[in-house]
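This report covers a single chain, first as a whole and then around an annotated site.

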Amino acid sequence: MSKGVLLVNLGSPESTDPKDVKKYLGEFLMDERVIDVPLWARTLLVKGIVLNTRPKKSAEAYQKIWWEEGSPLIVLSERLQSKIDEQTSVPIALAMRYGTPSIKQGMQELHDQGVDEVLLFPLYPQFAMATTETILVLAEELRKEHFPEMSFTTVPPFYNHADYIRTLGNSIAETLKDKEYEHILFSYHGVPERHIRKSDVTNSHCKIDGSCCQTASTAHQFCYRHQCFETTRLVAEYLELKPNTFSVSFQSRLGFDPWLKPYTDRTIERFGKQGMKKLAIVTPAFVSDCLETLEEIAMEGEEIFHEVGGEKFTVVPCLNDREDWVKVLSRWIDEWAHQNPVKA
């Protein structure tokens, strides 16, 4: 059998034109694992309301962060793919869950190179319905329909893997080495609370209270909230952060249903109103900088902080194509290629 790797990231519009943004948002928001309501309700919400109101505003946000080479997320993912390809012994293809290159295109690229054993690699540290799960489900559907001779091995969430924690910790330490800060905020992508309960394999453990994420359970294998807090705990331990000098929040909520709390924008505002002058923020739900990190956090977040009296707002970049991160991923891939599966 011939082996190959499919790296899968979130995706991006083709351009900042509202028409391209509308097409991208339509594919993204109509995913039943992103907005998990009945089809009729999702269609009414997305096609009837969101796609008639949001594309122009989102296009303006993309225009703020767009690079000359294109979408930052796509460019950074391509750089990562290229660097890994130079350091590994198997073909490396890149795909996006939404937009292009599609998962089907990535699988076709590997197929054309004779690959029939694929390491499916969602580029998300933590498991969530709207990220990891939707990638796995779609990839399996495409495999059955178009590439039945292929087999998959899936990289598990690496939120607590020592290599990842070390690399993330080092990136934070390097960014903040000569910076003044009073607090580090670990801001993760938000999800509706119901996603946490739907992913609970025990159907009873996840209560989203002050204790369930710290109480051992098989539910943690698929609990995004637990995995976010665990990433934070391990990084804080690695960096020897003192208690009360770091905290967790969740960004990017949509609609009126309860989402994971505390909310990042309100947390930033609260810190400033309480007199904090120097805040550092890191976004460990992403390995590649994107609209959420570059615009929502680095621009809107800083603006909120300054409006309430904050002075210094330091954003830690995502891991992107850092050399130590490239080496970690390349080693994981080569270990798999030589029959030593990647383990958390």
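In this predicted model, the chain has a radius of gyration of 20 Å, which agrees with the value near 20 Å for a compact globule of 344 residues. Along its principal axes, the C-alpha trace spans about 60 × 50 × 50 Å. The chain contains 12 helices and eight strands. Of its 344 residues, 54% are buried. Contacts between residues at least 6 apart in sequence are joined across at least 24 positions in 75% of cases. The exposed area comes to about 15,700 Å², with carbon and sulfur atoms supplying 51% of it.

**Strand β5**

Strand β5 comprises residues 183-189, and seven of its seven residues are buried. β5 runs parallel to each of two strands, β7 and β6. The pairing is set out below.

| Partner of β5 | Residues | Bridges | Example pair |
|---|---|---|---|
| β6 | 246-251 | six | Ser187 opposite Ser249 |
| β7 | 278-282 | four | Ile184 with Ala280 |

**The annotated site**

An unreviewed UniProt entry carries the annotation "binding site" for His189 and Glu292. These residues are spread over 104 residues of sequence yet cluster in space, the largest C-alpha distance being 8.3 Å.

His189 lies in strand β5, whereas Glu292 belongs to helix α11, residues 291-307. Are the two residues buried or exposed? His189 has a relative accessible area of 19%, so it counts as buried, the cut-off being under 20%. Glu292 is also buried, at 15% relative accessibility.

Which residues surround them, once neighbours within four places in sequence are left aside? His189 is in contact with Tyr224, Phe250, Gln251, Ser252, Ala285, Phe286 and Glu292. The contacts of Glu292 are His189, Gln251, Ser252, Phe286 and Ile297. Gln251, Ser252 and Phe286 thus appear in both lists, and the two annotated residues touch one another. Phe250 and Gln251, contacts of His189, fall within strand β6, residues 246-251.

Gln251 also takes part in a polar contact: its side chain pairs with the side chain of Glu292 at 3.0 Å. The site therefore brings together a residue of β5, buried at 19%, and a residue of α11, buried at 15%.

Key: Residues numbered from 1 in each chain as written. Predicted model: local features only at pLDDT ≥ 70, side-chain atom pairs only at ≥ 80, totals over all residues. Heavy atoms only, no water. UniProt positions renumbered as here; feature names shortened; annotations may be inferred. Buried < 20%, exposed > 50% of the residue type's maximum accessible area, 1.4 Å probe, protein only. Contact = heavy atoms within 4.5 Å. Polar contact = N/O pair within 3.5 Å; in protein donor to acceptor, adjacent residues only side chain to side chain. Rg over C-alpha atoms; globule rule 2.2 N^0.38 Å. Areas by Shrake-Rupley, 256 points an atom, 1.4 Å probe, with all protein chains shown as cover. Pairing = 2+ DSSP bridges.
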